[in-house]
Amino acid sequence: MPESVTMSEPVARLPTVVIAGRPNVGKSTLFNRIVGRRIAVVEDTPGITRDRLYAEADWRGRRFTVVDTGGLTTEPEVLWEQIRLQATIALQEADVVLFLVDACDGLCPADRELADELRPLKVPVLLVVNKADNPRREEYADEFYALGFGEPRPISSLHGRGVADLLDEVVDLLPTPEPVPEEPEPISLAILGRPNVGKSSLLNAILGQPRAIVSDIPGTTRDAVDTPFAWRGEPLTLVDTAGLRRPGKVQGSVEYYMALRATRAAERADICVVVIDASEGFTDGDKRVGSIAYEAKKALVWVANKWDEVEPPDGRPTKRSQAKRDFARTVQRDAPEQAFAPICFTSATRGTGIEALMDTCIEAYENYSFRITTGVLNRIIHDATFERPLTVKGRALKAYYATMTRTRPPTIAVFVNDPKLVHFSYRRYLHNRLRKEYPLEGSPLVLDFRASHQRKP
């Protein structure tokens with residue numbers, strides 16, 4: 001790990017249940033069934049899941065973490081080595097392992113090879129025979145006794161058959177959780193961007209470990225991968241997402257769900273970090289990704305990644321060079337609606353700029369949660385409308401009262417005589433006046449104009 005990067009602190013974890021198996025035995029379907037919602041992309045194609053996915057589940061009042069892994073195989077293929085690494089890391093964290101096999105395929109050599117890898121584990125390994133959709137298929141489970149993991153447990157993760165009995169057994173095997181102090185709700189930070197701009201590399205650089213699979217192949221990341229961690233004592237959840245293409249270029253159901261999950265990740269995040277490939281400049285695709293965060297009204301930070309390809313490092317302290325100033329001006333010019341967003345310059349492969357990026361994200365979140373007092377708000381709005389009055393077809397806009405109705409994002413209700421009088425340019429004028437007093441860098445600012453009769457007495 002580069003010296004400039006501070007390793008993020010680990011956070012207390014729940015007992016962990018890891019689902020392992022060769023490709024296409026239904027691991028992601030079982031994962032979705034246990035957590036009760038569709039998180040992992042499911043498709044009848046081997047190798048859909050690549051990174052390890054974490055989600056919290058609850059059964060009989062016992063909370064635990066479920067981990068979906070990529071299919072373990074020895075077949076030589078691009079990315080398999082990294083997929084195996086991710087699965088191996090997950091197994092090292094496990095308290096219980098669900099060894100999933102396929103009743104339809106029967107006992108395969110790949111199952112025997114995986115059994116040999118799981119045998120040395122010091123935790124319970126439950127042999128689970130999936131796709132046993134009826135009593136006849138349940139009989140196929142007997143041949144898996146040969147793997148040496150005791151009685152096979154036939155289930156159908158697709159239809160839920162036998163899953164409840166399996167979970168009963170799982171929770172009985174889970175270790176007693178150690179009491180931990182209650183922690184504040186973590187800040188959710190989604191990493192967005194076009195394919196192959198370095199999102200997964202950036203995630204790994206932040207964490208200081210190979211959490212996500214990295215490849216020059218566009219579309220390597222398929223699911224939205226949540227990783228809890230802490231930065232300078234602040235709990236966060238980091239979400240790596242699939243690359244977002246222009247809608248007309250999305251091909252097939254897998255890529256459709258990849259894009260859908262990335263968009264939903266932005267919607268549930270507090271901060272969206274939009275990664276730009278600095279060597280390619282600011283593109284229309286980058287602007288389109290930024291608009292997703294803007295429309296979701298999330299805090300936003302631009303990241304010009306691969307900056308070492310624009311300005312090779314010379315060993316001197318990083319300064320705000322002319323090239324950086326020019327790049328920042330280009331972003332603000334081409335994406336004026338997101339001009340409130342700061343821009344950070346990083347090299348994920350070298351580990352540079354990571355601390356500045358994370359500190360900027362924390363500051364953006366603080367601005368995203370900022371509250372302006374009612375008295376100050378009314379003074380700013382009154383002075384702004386007095387200095388630049390608005391008249392439309394002989395009717396003057398009158399602002400009676402302003403108050404902040406919520407934060408995350410800061411949302412201000414302005415009660416006026418007629419909201420229809422407020423056109424775009426005047427709304428922007430008031431935005432600028434408010435930001436002159438409170439820059440709120442990284443946070444959108446919402447002005448909600450309402451008729452005065454809507455104000456509660």
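Angles between helix axes under 35 degrees count as roughly parallel, over 145 as roughly antiparallel, 65 to 115 as roughly perpendicular, and the rest as oblique. In this predicted model, the axes of α11 and α12 come within 10 Å and cross at roughly 130°. The two helices are therefore oblique to each other, and their crossing is right-handed.

The residues that form this contact are listed by helix.

| Helix | Residue range | Contact residues |
|---|---|---|
| α11 | residues 374–387 | L377, R379, I380, D383, A384, T385, E387 |
| α12 | residues 424–437 | Y426, Y429, L430, R433, L434, E437 |

By class, seven of the residues in the contact of α11 with α12 are nonpolar, one is polar and five are charged.

Next, the nonpolar cores. In soluble globular proteins, nonpolar side chains tend to be buried together. The largest nonpolar core here has 29 residues, and L189, L202 and I271 have the most contacts inside it. Two or more residues come from each of the strands β7 (187–193), β8 (225–231), β9 (234–240), β10 (271–277) and β11 (299–305), and from the helices α6 (199–207) and α10 (354–368). The most is given by α10, with eight residues. Leaving aside residues up to four places away in sequence, L202 touches V273, V275, V303, T346, A348, I354 and L357. Another core, of 25 residues, lies apart from this one and includes V239, V274, L300 and W307.

Is S157, a loop residue between β6 (153–154) and α5 (163–173), buried or exposed? Its relative accessible area is 3%, so S157 is buried, the cut-off being under 20%. Beyond four places in sequence, S157 touches G26, T29, L30, R33, N130 and V163.

Definitions and conventions: Residues numbered from 1 in each chain as written. Predicted model: local features only at pLDDT ≥ 70, side-chain atom pairs only at ≥ 80, totals over all residues. Heavy atoms only, no water. Axes fitted to C-alpha atoms, helices over the stretch in contact; angles between N-to-C directions. Helix = DSSP H or I, 4+ residues; strand = E, 2+ residues; numbered from the N terminus. Left-handed = near helix turned anticlockwise from the far one by under 90°. Contact = heavy atoms within 4.5 Å. Nonpolar A, V, L, I, M, F, W, Y, C, P; charged D, E, K, R; others polar. Buried < 20%, exposed > 50% of the residue type's maximum accessible area, 1.4 Å probe, protein only. Core = buried A, V, L, I, M, F, W, Y, C linked by side-chain atoms within 4.5 Å.
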